[in-house]
Amino acid sequence: MNDVNWKEEVLNRKQSLMNDLEGLLKIESVLDEENATEDAPFGSEVKKALDYMLNLGKRDGYQTKNVEQVAGHLEFGQGEEIIGILCHVDVVPAGNDWTTPPFTPDVREGKMYARGAIDDKGPTIAAYWAMNIVKELYPALSKRVRMIVGTDEESSWRCVDTYFIHEEMPTMGFAPDAVFPIIHAEKGIADFEWIFPFNEEREETFVLYSFHSGQRLNMVPDHAIAKCQSSEDQLLDVKKAFELFLNDKNIKGIATLDKQLTLEIHGVSVHGSAPQEGVNAAFRLAEFLEGLSLDQNGSAYINFITKWLQDDFTGERLGVSFKDNITGSLTMNAGTFEYQASQQGRIGINLRYPVTCQFDHVKQTFEKVTGPMSVEMKVVDHMTPHHVPQDHELIQKLQHVYEKQTGKEAKLLSIGGGTYARSLNAGVAFGALFEGKPQLAHQKDEYVDIEDLLKAAAIYAEAIYELAK
């Protein structure tokens, strides 16, 4: 019978846990392919973070394995089945304006500040020490417990793709890289471009010379810029009209006239999984340009934006506004825009679709609109949806543990984002951020609440025991 006080066991090891976390946080494990080597495909610091975790495993008596220098695992126990814990030790670039250096961990008011503190080095160390506790108290389990460590989660997931070419798939498991209680469903995510044809055209009096907006498909663009060519008088009239447009719409922007007319608009950037919460600068600029007598190619490009995309974040106008009771509505973020006169125009889309939706159906529906325009669709990246049914053994046991330790309902959540959980046939995202706590991953002054991290470690320890006993 399990009568272990898991919280007390974690507190007894708090200093060792914190020491290991501090050591990991000091490593600047940001993707660095420019300086990649055969032994360090994602850069020396990323490889250093992987080695750090494998060396912890060797120190504490785990079976360890390095897989192609991009992933690895730490394992204890015996049996045919494996309980997997998927973590990653790579981090996004630190950015600017930190209160203290991002790779010099600093404890203030019960929080440890550092890049990666909550995403995902803090949860990784919490799960590691949870494994240590179970291994010490219950050395003879019926299943193997394996922590799989990835190093490319923040970019292309090449680590787990490579890992599962060489290693077996766990029976079930969790990724401590999101929020509590339990994320059991993740939307499908597709990144693609629409490529617009260039048509030879007659001489035009007002030419859209260029239109650019956005840097990443999964972010709402917060800046858009267009350049126009025409007679000086006509450009002056358009400049005045644009300034009135900015005033009427209460939008920040500027118009500059110097041989060409340059129009700029500022919006509000948010994550592409919730585009309705931002202000897409490209939409606002296209809205203004639509009212002008543009050249043939420029007009086709701008009219596509305003007719089919502008302020429609669920794909309703394109006929793909699918939704289900598990993961909610499809979302579309128009994240990048590239147009240059005499060249093909491009629009980059980040699409997140429900688990019951078929991506091939979405593509076929798009084709009904884009086909007659000779607009080509090029898929850049695609992850299929992921869903673990609520009656699955994994869900049932994690719910029991979470409710026992917190006294709160273990609600099942769905997200538009993607976690390593979807790399498992039966995997969920499980913490480590508690409900109502601010999410500062990828932001300056990222931190992990130390008390919460210790609570998470206790939850992970009991969860590992229940899944593997």
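This passage describes the sheets, the helices packed on them and the cysteines of a predicted model.

We may begin with the sheet of 8 strands, which is open and runs in the order β13-β14-β12-β11-β17-β18-β10-β19, with antiparallel pairing. At its edges stand β13 (252-258) and β19 (376-383); each has a single partner strand, so one side of each is left without a neighbour in the sheet. Direction ignored, neighbouring strands here are turned by 20 degrees against each other on average. Within this sheet, β17 (residues 331-340) and β18 (residues 345-353) pair in the antiparallel sense over 7 bridges, and Met332 is found opposite Leu351 of β18.

Two helices accompany these strands. Helix α7 (residues 281-289) lies across β11 (207-213), β12 (223-229), β14 (260-266) and β17, and its course makes about 30 degrees with β12. Helix α9 (residues 359-370) also packs on the sheet, where it touches β10 (188-196), β17, β18 and β19. The direction of α9 makes about 160 degrees with that of β19. Strand β17 thus appears in the contacts of α7 and in those of α9.

A further open sheet has 3 strands in the order β4-β5-β24, again with antiparallel pairing. Its edge strands, β4 (106-108) and β24 (447-449), each pair on one side only, and the twist averages 25 degrees from one strand to the next. Strand β4 is joined to β5 (residues 111-113) by 3 bridges, the two running antiparallel, and Asp106 stands opposite Tyr113 in β5. Helix α11 (residues 450-468) lies across β4, β5 and β24, at about 65 degrees to β24.

Elsewhere in the chain, strands β1 (residues 63-67) and β2 (residues 71-76) pair in the antiparallel sense over 5 bridges. The two form a hairpin with 3 residues between them, and Val67 has Ala71 of β2 as its bridge partner. In the turn, Glu68 has a positive phi of about 55 degrees.

Turning to the cysteines, a search of the whole structure finds 0 disulfides. Cys87 is in no disulfide, and the nearest cysteine sulfur, that of Cys159, is 12 Å away. Cys159 is likewise in no disulfide, with the sulfur of Cys87 as its nearest cysteine sulfur. Are these residues buried or exposed? Cys87 counts as buried because its relative accessibility is 0%, and Cys159 counts as buried because its relative accessibility is 0%.

Notes
Residues numbered from 1 in each chain as written. Predicted model: local features only at pLDDT ≥ 70, side-chain atom pairs only at ≥ 80, totals over all residues. Heavy atoms only, no water. Disulfide = S-S within 2.5 Å. Buried < 20%, exposed > 50% of the residue type's maximum accessible area, 1.4 Å probe, protein only. Pairing = 2+ DSSP bridges. Helix = DSSP H or I, 4+ residues; strand = E, 2+ residues; numbered from the N terminus. Axes fitted to C-alpha atoms, helices over the stretch in contact; angles between N-to-C directions. Contact = heavy atoms within 4.5 Å.
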